[in-house]
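Hi everyone, thanks for making time this morning. Let me put the structure up, and then I'll walk you through a few parts of it.

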Protein chains: 2
Amino acid sequence: MLKRYTLLLAAGLLAGPSAPAQTAPAETKPLLGFTAATAATEYQLEAQFDAQLRAENLRQWMKRLAARPHHVGSPHDKDNAEFMAGLFRSWGYDTRIDVSYVLFPTPKLRVLELVAPTKFTASLTEKPVAEDATSGQTSEQLPTYNCFSRDGDVTAELVFVNYGVPRDYEELERRGIDVRGKIVIAKYGGSWRGIKPKVAAEKGAIGCLIYSDPKDDGYARGDVYPKGPFKPESGAQRGSVLDMPTYPGDPLTPGYGSTKNAKRLDYKKAPTLTQIPVLPISYGDAQPLLAALAGPMAPEAWRGALPIPYHLGPGPAKVHLQLEFNWKTEPVYNVIATLKGSQYPDQWILRGNHHDAWVNGANDPLSGVVAMLEEARAASELYKAGWRPKRTLMFCAWDGEEPGLLGSTEWAETNAKQLQEHAVAYLNSDSNARGFLSAAGSHTLEKFFNQVGRDVTDPEKKMSINDRRRAYDLLNGTPEVQKDARDRADLRIGALGAGSDYSPYLQHLGIAAMNVGFGGEGEGGEYHTIFDSFDHSTRFKDPDFAYGVALAQTMGRCVLRLANADVLPFEFQNFSNTVAKYHAEVKQLAETMRTETERQTKLLAEKRYEAVADPTLTLLPPKAQEAVPYLNFAPLDNALAKLEKSAEAYAQVRKSSGAVPAARQQDLDQLLYRAEQQLLSAEGLPRRPWYRHQIYAPGFYTGYGVKTLPGIREAVEERKWAEADEQIRRTAAAIERFSGQVSRAAAVAGPAPAQ
Amino acid sequence: MLKRYTLLLAAGLLAGPSAPAQTAPAETKPLLGFTAATAATEYQLEAQFDAQLRAENLRQWMKRLAARPHHVGSPHDKDNAEFMAGLFRSWGYDTRIDVSYVLFPTPKLRVLELVAPTKFTASLTEKPVAEDATSGQTSEQLPTYNCFSRDGDVTAELVFVNYGVPRDYEELERRGIDVRGKIVIAKYGGSWRGIKPKVAAEKGAIGCLIYSDPKDDGYARGDVYPKGPFKPESGAQRGSVLDMPTYPGDPLTPGYGSTKNAKRLDYKKAPTLTQIPVLPISYGDAQPLLAALAGPMAPEAWRGALPIPYHLGPGPAKVHLQLEFNWKTEPVYNVIATLKGSQYPDQWILRGNHHDAWVNGANDPLSGVVAMLEEARAASELYKAGWRPKRTLMFCAWDGEEPGLLGSTEWAETNAKQLQEHAVAYLNSDSNARGFLSAAGSHTLEKFFNQVGRDVTDPEKKMSINDRRRAYDLLNGTPEVQKDARDRADLRIGALGAGSDYSPYLQHLGIAAMNVGFGGEGEGGEYHTIFDSFDHSTRFKDPDFAYGVALAQTMGRCVLRLANADVLPFEFQNFSNTVAKYHAEVKQLAETMRTETERQTKLLAEKRYEAVADPTLTLLPPKAQEAVPYLNFAPLDNALAKLEKSAEAYAQVRKSSGAVPAARQQDLDQLLYRAEQQLLSAEGLPRRPWYRHQIYAPGFYTGYGVKTLPGIREAVEERKWAEADEQIRRTAAAIERFSGQVSRAAAVAGPAPAQ
């Protein structure tokens, strides 16, 4: 996946208020979208599905798919696609490989030297280890690099910029440090990596290095590979630095499919390439550079685990960075396997996981791929035994996710119209490991997903994966998360930012999406290195593939229930409750900024910063900020009041009325699954029209950190008050449209004839 | 000093609610204890005092006193005492050197080896640096050791215990790790060092190592000596491990003076020696030992800055620790210089600072000593010009502070009766450096001290030291501290725990005390090493002795005002307000423990810990705790209500009535300065009767961290509910006695004749 897996603390999913493990027989549990009778059939089907799942299949496929490096453009990447297509076909799926043609630069020249005050040449090479069978496949491995960096040849003094996010530059500024004309060195972490060169360039830097500090995934976390799972001295994290918060996918075909003959931008003018050259390095290569810095000490929170004082610079360390890339166009191979629905063939349930990797990618992405393959195989066995899904299943193994969601985005853009007509939901997974359920997605699916997690058993604890997650939240959550875990019937799912293939479906096309995985117990430092191997994965991540099977059970249930439901299991009260929560957060954010701005304005006027500053150091007062005005939140308050009513009305109708008459069934489903599209705005978000969802988006300056109510929240954060007011209105309008659709659904579902 | 200087965040001192720097002429400012007329005279005197102060004197004296190592028993220690006595005499003070005879063990044999799985012998030697003129005086330097460790010869597996405080052992226990029969290695920090071997022994460990992690005062903080001020690889912190929270001073003469022929305990039976051998080591010596540990990773917060994974053990690292000491009795030389009061010679103003060091001790303690010497010299100049203090001044340069407040405690115990009759207040300083005022002490002196800080100018910022401290609190304080800094007329002074020579005066004898210093800008890693030198101090701590002079101005004002006041400037409303705050804290503590215990009991009953635990690791649930009962705080509520009234009554009387008639003056003063003694209980604190103050004590398990309302607070923390109730009554009784005394003072001060 594009981003490191992190346990979504904000998320939490499970049914029943602080319920002990469910003991009632499965048949008696209600299923959203099913009657008691059809639910009983569904449960039987799911038991058959579970009985099909074989951990050994996952192991064999992972070994086979991870046997060689399989990045975009490599022989094994294409070979893997064909192998998977073959499997799907052998299971009876209507399978095709859809090809897009995307820009995919690879390194031609990489030079990094310390040229003053001493000399040092960075090795830029990961060292294979004897204990790892594939780490020595050096001739096929992509060198360590950041994909979609520009070419460049720069020499300048170095500045250490912590994570390289905007707040870090404010700290530097207070210390009198300007990065204009400098090369910055940032730690991995704290934001998506692509933010670092983007912000550095905005601040005037001419080059950017990103290194993995051992504090974050090296020896400070535990023993390093191969003794333990963490990053050894030579390990360097590859990864995309495409400006995905602007738009993902092929940088040369913004908003439309990169078919063979599509019109393409000149790559030198592509807006999502970095403005400056950027290179990822290991901590072995970083240490001599950082140790050569002088100047003030970095703020305490910035310092890592290298055995040196972390100085900020600039200089006297001076570095030379030279990068040249092969700017080639490569095919990406999306494997699409379809099982047609018997009753509503035009309603598509999409299930996806990418298959390309940076190197061997056993964990990222194959741990998710092999679960999906086993889901498809198990479903095919049910089919052989006579089951017919009402709706169409589509399994999608995406290529080119790592460089920037290339495969999934281009496919989504190519098929946009059909998808908006037919796609019911997009269900994604990616890397997977031992531990706790983590799920995020459209909150119209929150209640549905809570019923799924309720019915899957944690392989280690033999309780539901929801119960285990609830226990985690109760022990480790913030007070707010603990309270929810105690008091809320459904545990909360997180919101989706960016970082895997759900983005184009949810945020560009308005298709309800989920992203699901397990983790928290299989941590390591192998991410995007040559050490993400079958050996590493089976020692440290999920040795017996038990969580791979659990993922298959979870996503299998999602697919089967969506495919088989009498009425699509969307629900709007949880959504309403969640958006109200986001609204309260944004209001609170403005309030907190107002108070903090007042406090700071007062401290500035009183010259308290000057009073405190050590005269032997530079620490300037922070910049004065304009007072935070009161914003007009009324349009959103009104829209949310309507949303609450319409959501309740739909719930009432569904509770009180019996089965929906067949004649209205398809209309109702359509209203339900196309409701999410009402949350798109035609204009998209400010300065990034590709992102059209008014509720969820990746942060413009965080990358994968989600921003909920993004138009409003980012305007407030960036103190664009007029824009905040405008975005409140626009978001309110989207929610009003959505409420209208829900009201229509209530009408169609209810006893009165459809209008 | 015994403890590292830390900026007391809890403290904060200054007059005027968020007032800009005072601009009114000094003469118009009110002075507690003075009339407008006598205040004007006092201000003139202080201006003359300031005019006398010469930074150059401080420099020359520090150079001379720090020229050689001057620990207890060394030739230079005695020589320094005689030099200072000579100075005092030359200034006209009646000067004597009072000698006590104290146990002072020094190392005979120190061996530390890693014996498995590999071999390594610790050097236990600090490496002199060429850039430091005295660091090479190896023949006179005490080796690195912990004074009052027992002899021992032990070999066992090693366990890493973080800071070695009780909470750390709870974490180990949850990980299934038992230290019985093991040797523990703890980091310096998190508690006073003597707590570490004490707790280790309670838990069954047979040996203890304490090392300085580079995260705390080595390269992670900044450049190491001599390039910067921080601890180099070979630096090891000497220091006492006497069980001072039980009682300080000579371990062989508990509660009475160690005169030449005093009856002494057998040292092997002395209760304040450690139960197990303990040795401090450098991070250079610690790294191979820590690197040889296996077992679970230490919790994240425990890990330091060495470039290794911090494992807990036990083993396979196995170490051999052998220690033998010379158990000698040594003389300690307290220099006592007296200037008799003209009007109330039986009222003594004590001003003290220790003079012994672990090695050359330029910062600790000489930075404080030289300020005190200059105060005494300046006062003598005023005397020569005709000034006569009403009350007696006593300057005290203590010996033997480092091993355990030996000089000051034995002198206090020897002269206990006289001191309780005559001592008005004890004013202490110790190490001093650039930065912010930090003051702690009896809150009956809080208002008085606020007026002192109001009138001293910060050398760097040319504002009052109070204004600068208030700015610090406004910028860096907790919300509560910020609120106080905005809204409270007086900034709060801290409470005194332990760590320097005020302990016997305040906590054993009930003499109001203050401890004052500057710091926060001159940090380093030299503490108790051979690098605490004149060179280090004049490069990094207070290069131009400006803060030495500021300390002399501050403490000089304290002495002069106490000596000259018409009525002693004690004030009780701030004290009342402060004790009420402590009371609220303790109530809140019980409340928080109750809620947290309920939460944990519930989580345990629901088996949530088991649900979350990674089955490949050991993480047992925490131990079940008895529910927290509701305590009877009523006696204290009632006592505090009375205290508030009596404090207000005294304030009213002092405000409304004019000068106190001469006949009642001495009675009033006596009631005032002996009020603090009413806060002692005859029984002392549970299990440590030497500590008799019911409001302030060092924590039994924190060492120098103060515990306010210690009897109650520690009973609650340790869940001794019956004892908590008993201590509430006992503390209430002490406060009632105190209120009674304040009421008597109000009566004597008032228009009515004294009773």
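Let's start where the two chains meet: the contact takes 28 residues from chain B and 28 residues from chain A. By contact I mean that the C-beta atoms of two residues, placed from the backbone, lie within 7 Å. On the chain B side, helix H13 (465-476) and helix H19 (608-612) each supply at least two residues. H13(B) has the largest share of that side, with six residues. Helices here are DSSP runs of H or I with at least four residues, strands are E runs of at least two, and both are numbered from the N terminus.

What is the chemistry of the chain B side that touches chain A? Its residues divide into 18 nonpolar, one polar and nine charged. For the classes, Ala, Val, Leu, Ile, Met, Phe, Trp, Tyr, Cys and Pro count as nonpolar, Asp, Glu, Lys and Arg as charged, and the others, Gly among them, as polar.

A quick word on the source: this is a predicted model, where local features need pLDDT of at least 70, side-chain atom pairs count only at pLDDT 80 or more, and totals for chains, interfaces and linings use all residues. Residues are numbered from 1 along each chain as its sequence is written, while chains are lettered from A and ligands numbered from 1 in the order in which they are written.

Now, how are the copies related? Chain B superposes on chain A after a rotation of 180 degrees with 0.0 Å of shift along its axis, at RMSD 0.0 Å. The two copies are thus related as by a two-fold rotation axis. That fit is by least squares on the C-alpha atoms of residues with pLDDT of at least 70 in both copies. The copies meet through the same surface, because 100% of the interface residues of chain B are also interface residues in chain A.

Moving inside chain A, the domain assignment gives domain 1 (26-102 + 330-564), domain 2 (107-328) and domain 3 (573-749); such bounds come from an automatic or database assignment. The C-alpha centres of domains 2 and 3 of chain A lie 33 Å apart. Between these two domains, 18 residues of domain 2 of chain A are in contact with 14 residues of domain 3 of chain A.

Last stop: A:Phe518, in strand E14 (residues 513-520) of chain A. Is A:Phe518 buried or exposed? A:Phe518 counts as buried, because it has 32 C-beta neighbours inside 10 Å; the cut-offs, with C-beta atoms placed from the backbone, are 20 or more others within 10 Å for buried, 12 or fewer for exposed, and partly exposed in between. Leaving out residues up to four places away in sequence, A:Phe518 touches several residues, including A:Phe436, A:Leu437 and A:Tyr547.
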